[in-house]
Amino acid sequence: MATAPPPHPYLHTPTPESVPAISPAELVVAREGPAPPVVVDLRAARERRLARLPGDLSIPLSELPSRWAEVPADRPVVVYCQFGGTARRGAQFLREHGLAHVALLEGGLDEYSRIVDPTIARYSPGGETDGWVLQQFPRPETGCLAYLVGDLASGEAAVLDPGIDPAPYLAAVESLGLKLRSIVETHTHADHLAGHAALHERTGAAIVVSHRSPAQYPHRLLTEGDSVEVGNQALMAWETPGHTSDHLTLRLHDKAFTGDTLLIGSCGRTDLGDGSPRQLWESLTTKLLTLPDDTEIFPAHYGSRHSLPDRYVSTVGFERATNEALRQPDWPSFEKYMTEGWPPKPSSFDEIVRRNLSA
Ligand SMILES: [Fe+2]
């Protein structure tokens, strides 16, 4: 009979007091199962206004000593906070008070948004008074991703690469208590109708594009190093041509909104508009790949529609190691990768570009 392996020397031996953790994906399965857990949010009310899990019970950690009896003792319980630290303390408290089946949500709401539901806003640890909030807007029908960035102190917001229907962005700024100031197009889109005009019409927010854009509508121009001010936050513009000549990457703290310059698993093709494989190679190797490995990457496309993974966010380090385009060892290999094996360009794309640039 085989004997159990010895415990790994790097791991602390689990004790009866250890708090079990449930991953975001496991929580989804558990909530759809026959015995769904009670989900308890231990964050303060101001954070709940920014993001929360539907159908949860709110008991801030500070109120747990007086309210813990509200948590049903006869059901499994999952407690959560933004990153997991507060939840650990709350779970320990509940277990000490006799609740046997308590787990914490691993990585908190931040990880849940990354893995399961990107429409749940993420926000900085500064909270409501001195930080940012970030929300992704996936459009499965087109495989596009748009973004909202908000500054919590001033209440100002910007939207990047909105889809043609302004409703989701208008609803988000309203629910987050923000005012939309800027609409940024990372580049001239060829594969879908852009939403800047509709959103501008509803909000009056300025449309912001690269100085290289041939846009005919009223807009503000960005050049290398310019910023889109969002209250106390700033989206710094980096010219990253290649997918198109007017392509911008926008940077916010340790995050980069890479448009179609860098996608998850690949990069945007260069033959749909006025792109250039050589320019894309330069943009990737002299700019994006100089960012630290833990820089978060937020692309403009995702999903099987574009032969990409169904993931919404990545990091420079992960892409450096796994991305097909980035793993090309030199310029000749990259040029071959960018010019061979792509499906034919759809005939509608020239007309889409014309409409996206029109006044
Ligand atoms: Fe594009």
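Two residues count as being in contact here if their C-beta atoms, placed from the backbone, lie within 7 Å. Keep that in mind as you click around this predicted model.

**Stop 1: V149 and its surroundings**

Select V149 to begin. Which residues does V149 touch, once you leave aside its neighbours within four places in sequence? Light up W132, L134, A157, A158, V230, Q233, L235 and L252, and you have its contacts.

V149 is also part of something bigger. The largest nonpolar core has 82 residues, and V149 is among the members that touch the most others, along with V79, Y80, Y147 and V159. Now colour strand β8, residues 144-151: this strand gives the core six residues, the most of any contributor. Next, give domain 1 (21-46 + 54-113) and domain 2 (118-340 + 349-357) separate colours; both supply residues to the core, so the core lies between them. As background, nonpolar side chains in soluble globular proteins tend to be buried together.

**Stop 2: zoom out**

Switch to a cartoon of the whole protein chain. You're looking at 11 helices and 18 strands. The radius of gyration is 23 Å, close to the 21 Å that the globule rule gives for 359 residues, so the chain is as compact as a globular protein of that length. Along the principal axes, the C-alpha atoms fill a box of roughly 65 × 55 × 35 Å.

Buried residues account for 42% of the 359 in the chain. If you take the contacts with a separation of 6 or more, 59% of them join residues 24 or more positions apart.

**Stop 3: the seven-stranded sheet**

Go back to β8 and bring up its sheet. In what order do the seven strands of this open sheet run? Follow β6-β7-β8-β9-β10-β11-β12, and note that the pairing is mixed. At the edges you'll find β6 (122-123) and β12 (220-222), each pairing on one side only.

Pick out β7 (residues 132-139) beside β8. These two run antiparallel and are joined by eight bridges. For one example, select W132 and look across to D151, its bridge partner in β8.

Now add the helices that lie over these strands:

- Helix α6 (residues 167-175) lies across β7, β8, β9 (156-160) and β10 (179-184), at about 25° to β8.
- Helix α7 (residues 196-203) lies across β9, β10 and β11 (206-210), at about 155° to β10.

**Stop 4: β13, β14 and β15**

Select β14, residues 233-239. Is this strand mostly covered or uncovered? It's mostly covered, with five of its seven residues buried.

On one side, β14 pairs with β13 (residues 227-230) in the antiparallel sense, over four bridges. Show S227 to see it standing opposite M236 in β14. The hairpin of β13 and β14 has two residues between the strands, and G231 there takes a positive phi near 60°.

Then show β15 (residues 248-252). This strand runs antiparallel to β14 and is joined to it by four bridges. Here the pair to select is W238 and T249, which stand opposite each other.

**Stop 5: two unusual backbones**

Most residues other than glycine have a negative phi. Two residues go the other way, and they make a nice pair to look at.

Start with D161, in the loop between β9 and α6. Its phi is positive, near 50°. D161 has 26 C-beta neighbours inside 10 Å, and 20 or more is what it takes to be buried, so D161 counts as buried.

Move on to S307, in the loop between β17 (296-299) and β18 (314-315). Phi of S307 is also positive, near 55°. With 13 other C-beta atoms within 10 Å, S307 is partly exposed.

**Stop 6: G275 and helix α8**

Finish at G275, in the loop between β16 (255-259) and α8 (277-286). G275 is buried, with 22 other C-beta atoms within 10 Å. Try drawing a distance to P241: the two are 34 residues apart in sequence, yet 7.4 Å apart in space, C-alpha to C-alpha. Not counting residues up to four places away in sequence, G275 touches G242, H243, T244, T270 and L280.

L280 leads you into α8, where the buried residues are P277, Q279, L280, W281, S283 and L284. What do they pack against? Show α10 (331-339) and you'll see their partner.

Methods. Residues numbered from 1 in each chain as written. Predicted model: local features only at pLDDT ≥ 70, side-chain atom pairs only at ≥ 80, totals over all residues. Core = buried A, V, L, I, M, F, W, Y, C linked by C-beta atoms within 7 Å. Buried ≥ 20, exposed ≤ 12 C-beta atoms within 10 Å, placed from the backbone. Domains from an automatic or database assignment. Rg over C-alpha atoms; globule rule 2.2 N^0.38 Å. Pairing = 2+ DSSP bridges. Axes fitted to C-alpha atoms, helices over the stretch in contact; angles between N-to-C directions.
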